[in-house]
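This briefing covers secondary structure, sheet pairing, helix packing and backbone geometry. The sequence and model come first, and the notes follow by topic.

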Amino acid sequence: MAVVIEIVAMGHLARAGLLAAALAVCGCAANVQTVTRPGSPPRAAKGPDCRLQIHPADRRLDPSCQEIGDVFVGDTGFTIDCDWNRALEIVHQEACRFGADAAQIVAHYEPSFWGSTCHQVRARFLVCGTVQTRE
Amino acid sequence: MRPLALALLALLAGCATILQGPNQTVEITSDPPGAKVLVLPEQTSLVTPGEAELSRKQIHTLLFELPCHRPATGYLDRTNSHTVLLNVILGGLIGMSIDYSTGAVYRLIPDPIHVKLERLDLGAGADCGLASPGPG
């Protein structure tokens, strides 16, 4: 109801300005937050030809893999470019930027009526040398 | 009439900011208890079981450490709180913008967060007591 009152009460210019301001603040892009592990040695970012594996959450990796950081790809409330492939693409980009050898999905929140219309992902960045999986 | 409507809307704006605020108190536990937890990115620490008041706007990573146990990591993610629906009814676009900018529209999950620490097999002679006292 309030939305209707607001729209009626506002002029076209004010509405357009408010929408532009909201989009400028929040943007249509996904919200990307990264956390670095304290004490982990700084690593050079990998170049545009960077290729690494993104492992699913249920895969047991070599315990010697060291976690150097993690990323959350989320929704700003105005995000529209946020399907599953885009989320994985961002995880890949950030892992390369961290200089990681691999990434592993920790949590995947699928779009839902009560939550978000976006695929939201938490992934961790790993330095493993050669990643070995344990069955 | 028009200024009155706008004033009313300004009062109603930001339902989640008013109702639950920008921070959330999260209960942090571990099995076994007594683990030292470093909360990132704030870099604050606590011992389990404990509570931390954390910003809803950002995600948090919890590093658990306990002697003779494998270090573990816990992840607090954010998801939309149901108060976002109140904005659709009451707060409108202004309220929604305020709530998203303060982060009050989010809820940190899981709450409580519980992490099970895996004991390392270090043999019978391993010293798994509390951290050694400082000099003096």
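**Briefing on the predicted model**

Leu108(B), in strand S7(B), is the bridge partner of Arg78(B). The model is a predicted one. The points below begin with the sheet to which that strand belongs, then turn to chain A, and end with backbone features of chain B.

**Sheet of chain B**

- Strands S6(B) and S7(B) run antiparallel and are joined by four bridges.
- The sheet is open and has five strands in the order S3-S2-S5-S6-S7 of chain B, with antiparallel pairing.
- Its edge strands are S3 and S7 (106-109) of chain B, each of which pairs on one side only.
- From one strand to the next, the twist averages 25°.
- Strands of a sheet pair through backbone hydrogen bonds, in either a parallel or an antiparallel arrangement.

**Chain A overall**

- Chain A contains three helices and seven strands.
- Along the sequence, these elements of chain A follow the pattern α-α-β-β-β-β-α-β-β-β.
- Chain A has 135 residues, of which 28% count as buried.
- Contacts in chain A between residues at least 6 apart in sequence join residues at least 24 apart in 82% of cases.

**Sheet of chain A**

- Five strands of chain A form an open sheet in the order S1-S4-S6-S5-S2, and the pairing is mixed.
- S1 and S2 of chain A are the edge strands, each pairing on one side only.
- Neighbouring strands of this sheet are turned by 25° against each other on average, with direction ignored.
- At one edge, S1(A) and S4(A) run antiparallel and are joined by six bridges; within this pairing, Gln33(A) stands opposite Phe72(A) in S4(A).
- S5(A) and S6(A) are also antiparallel, with seven bridges between them.
- S2(A) and S5(A) run parallel and are joined by three bridges.
- Ala103(A) in S5(A) stands opposite Ile54(A), and Ala103(A) also stands opposite Phe125(A) in S6(A).
- In a regular strand, side chains alternate between the two faces of the sheet.

**Helix H3 of chain A**

- Helix H3(A) covers residues 84-98, which is 15 residues. From its first C-alpha to its last it reaches 21 Å, close to the 21 Å expected at 1.5 Å a residue.
- Which residues of H3(A) are buried? They are Ala87(A), Ile90(A), Val91(A), Glu94(A), Ala95(A) and Phe98(A).
- These buried residues lie on the same side of H3(A), because they cover an arc of only 135° around the axis.
- The strands against which the buried residues of H3(A) pack are S1 (31-36), S2 (53-55), S4 (66-74), S5 (102-109) and S6 (120-127) of chain A.
- H3(A) lies across S1, S2, S4, S5 and S6 of chain A, and runs at about 145° to S4(A).
- Gly99(A), just after H3(A), takes a positive phi of about 75°.

**Cis peptide bonds in chain B**

- Asp31(B) and Pro32(B) are joined by a cis peptide bond, with omega about 0°. Pro32(B) sits in the loop between strand S1 (23-31) and strand S2 (36-40) of chain B.
- Thr48(B) and Pro49(B) are likewise joined by a cis peptide bond, with omega about -5°. Pro49(B) is in the loop between strand S3 (44-47) and strand S4 (50-55) of chain B.

**Positive phi outside glycine in chain B**

- Gln43(B) is a residue other than glycine with a positive phi, near 65°. Gln43(B) lies in the loop between S2 and S3 of chain B.
- Is Gln43(B) buried or exposed? Gln43(B) counts as exposed, because it has 8 C-beta neighbours inside 10 Å.
- Cys68(B), which is also not a glycine, has a positive phi near 70°. The loop that holds Cys68(B) lies between strand S5 (60-65) and strand S6 (72-80) of chain B.
- Cys68(B) has 13 other C-beta atoms within 10 Å, so Cys68(B) is partly exposed.

Terms used: Residues are numbered from 1 along each chain as its sequence is written. Chains are lettered from A and ligands numbered from 1 in the order in which they are written. This is a predicted model: local features need pLDDT of at least 70, side-chain atom pairs count only at pLDDT 80 or more; totals for chains, interfaces and linings use all residues. Helices (H or I, at least four residues) and strands (E, at least two) are DSSP runs, numbered from the N terminus. A residue is buried if 20 or more other C-beta atoms lie within 10 Å of its own, exposed if 12 or fewer, and partly exposed in between; C-beta atoms are placed from the backbone. Two residues are in contact if their C-beta atoms, placed from the backbone, lie within 7 Å. The expected span of a helix is 1.5 Å times one less than its number of residues. The arc is that of the directions from the helix axis to the C-beta atoms. Two strands pair if DSSP finds at least two bridges between them. Axes are lines fitted to C-alpha atoms, for helices over the stretch in contact, and angles run from 0 to 180 degrees between N-to-C directions.
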